[in-house]
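User: Hi! Could you walk me through this structure? I'd like to start with the strands and then hop around a bit.
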Amino acid sequence: MTARGDGTRVVHSAPTSEGEPFLAGPVFAAPYHLGGADTYGRAHNPTWRALEAALGELDGGECVLFPSGMAAISTLLRVVLSPGDTVVVPSDGYYLTRTLLAEMPVRVLEAPTAGPYPPFDGVRLVLLESPSNPGLDVCDIAELSARAHAAGALVAVDNTTATPLGQKPLELGADVVLSSDTKAVSGHSDLVLGHMSTADVELAERVRTARTTSGAIPGPFEAWLAHRGLGTLDLRLARQAQNAAALYRALREHPAVTGLRWPGAPEDPAHEVASRQMRRFGGVLTFVLADEAAVAEFLARSRLVAASTSFGGLHTSADRRAQWGDPVPEGLVRLSAGCEDTEDLVADVLAALA
Ligand SMILES: *Cc1c(COP(=O)(O)O)cnc(C)c1O
């Protein structure tokens, strides 16, 4: 049989048998009757396991689920880093990763996602984010992984913006993939969740043990809802990318807009590398309006674009990133195209900017 397409894989991401529901309901147990695979709810849960199997299959590794993207990132950092280690992180990536590292007894080297990167000699962990949030720059994951491995460093990629369908960092050579499933993976803006995947079973086991020990475990209901949402990931990403492409075309020559970025556009500076390593482009684009007031006016006039600090959901949303301390222009907007009809969305955005 030829490899199945993305839609088939996500729809069939929960194995079912006769007499059972298509997706088994959430299990909330604390202790289990002993004798089976499960002992206690902080260590074992069949609802987590089902979603971990689904996400691990898409990522091409073993998945460990976490209560948030940050819980996945912080647990990985805690497991792989020792005091005095050196870490390379994107200067333009998700800001809380840098905040977290600043509190750890490690040496932090920052590099912009588009490069240049410092030499990796003596580096323990190279953390990449591609496309970066919020600037949507892209780095060559295969090339940087090869360089990092030559220097003996471990490579982790925050794949939140791309999603497991948009990019396969483990196939490109990274050791670990990290994701905030709060965003497009769950896709309905109704839960917080995250995961990490790796082909290194020993590392996965250490991370899983750290989760059990710390007690920062995902809620079974959130895991179940995310698994339910995963079934439409292919459909949602397709509509979001179609809407992002249409918005890109509508905004490209707009007099109020500068700094328009979407890696899916052939004229975007990241497009060449992005189209080599990404399997599809998502719905997130970035642009700059004159100032804070111009963004406020745009959001007030729009009927479809919600002011909200997340992305990847059904609803189109926009976030002025400078308000959260990102080192970006005051008027920079990260816009997440939702699943509305393309004509409605483009008309609304153009009217709000008029
Ligand atoms: C949102 C986000 C995170 C953090 O995830 P949470 O689920 O909010 O903890 C990490 N990295 C990126 C790129 C994100 O967008």
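Analyst: Happy to. One term before we begin: two strands count as paired if DSSP finds at least two bridges between them. Also keep in mind that this is a predicted model.

User: Good to know. Which residue stands opposite S317 in β11?
Analyst: That's A306. One residue along, A307 stands opposite A318 of β11.

User: And how many bridges join β10 to β11, and which way do they run?
Analyst: There are 2 bridges between strand β10 (residues 306–307) and β11, and the two run parallel.

User: What about β11 and β12, how many bridges there?
Analyst: 4 bridges link β11 to strand β12 (residues 332–336), and this pair runs antiparallel. On that side, S317 has S336 of β12 as its bridge partner.

User: Where do the side chains of β11 point?
Analyst: S317 and D319 point one way from the strand, which covers residues 317–320, while A318 and R320 point the other way. All of them are buried. That fits the general pattern: in a regular strand, side chains alternate between the two faces of the sheet.

User: Why is S317 called buried?
Analyst: Because its relative accessible area is 6%, and buried means under 20%. Leaving out residues up to four places away in sequence, S317 touches V305, A306, S308, S310, F311, R334, L335 and S336.

User: Zooming out, what is the strand order in that sheet?
Analyst: It's an open sheet of 5 strands in the order β8-β9-β12-β11-β10, with mixed pairing. The edge strands are β8 (258–261) and β10, each pairing on one side only.

User: Which helices lie across it?
Analyst: One is α9 (residues 233–251), which lies across β8, β9 (284–288) and β12 and runs at about 20° to β9. Another is α11 (residues 292–301), lying across β9, β10, β11 and β12 at about 160° to β11.

User: Changing topic: what does UniProt say about K183?
Analyst: The unreviewed UniProt entry annotates K183 as "modified residue: N6-(pyridoxal phosphate)lysine". In the model, K183 is found in the loop between β6 (176–180) and β7 (194–198).

User: Is K183 buried or exposed?
Analyst: Buried, because its relative accessible area is 10%. Not counting residues up to four places away in sequence, K183 touches T160, S310, F311 and G312. S310 and F311 also turn up among the contacts of S317.

User: Nice link. What volume does the largest pocket have?
Analyst: About 360 Å³. Of the 22 residues that line the largest pocket, the closest to its centre are M70, Y94, S180, K183 and T309.

User: So K183 is back again. Which helix gives the most to that lining?
Analyst: Helix α3 (residues 69–80), with 3 residues.

User: Now backbone oddities. Where are the cis peptide bonds you'd point out?
Analyst: One joins G115 and P116, with omega about 0°. P116 sits in the loop between β3 (107–111) and β4 (125–129). Another runs from N133 to P134, with omega near 15°, and P134 is in the loop between β4 and α5 (141–150).

User: And which residues other than glycine have a positive phi?
Analyst: T163 is one of them, with phi near 75°, and S189 is another, at about 55°. T163 lies in helix α6 (residues 163–166), whereas S189 is in the loop between β6 and β7, the loop where K183 is also found.

User: Are those two buried or exposed?
Analyst: T163 counts as buried, at 2% relative accessibility. S189 is exposed, with a relative accessible area of 57%; the cut-off for exposed is over 50%.

User: Last one: why is α8 described as largely enclosed?
Analyst: Because 8 of the 11 residues of helix α8 (residues 220–230) are buried. They are P220, A223, W224, L225, A226, H227, G229 and L230.

User: What do they pack against?
Analyst: The buried residues of α8 pack against α1 (6–11), α2 (46–59), β1 (62–66) and α9. You've met α9 already, as a helix lying across β8, β9 and β12.

Definitions and conventions:
Residues numbered from 1 in each chain as written. Predicted model: local features only at pLDDT ≥ 70, side-chain atom pairs only at ≥ 80, totals over all residues. Heavy atoms only, no water. Buried < 20%, exposed > 50% of the residue type's maximum accessible area, 1.4 Å probe, protein only. Contact = heavy atoms within 4.5 Å. Axes fitted to C-alpha atoms, helices over the stretch in contact; angles between N-to-C directions. UniProt positions renumbered as here; feature names shortened; annotations may be inferred. 1 Å grid on protein atoms, 1.4 Å probe; cavity = no way out; pocket = protein on both sides within 12 Å on 5 of 7 lines; lining within 4 Å. Points joined across faces, edges and corners; volume = space filled by probe spheres on them.
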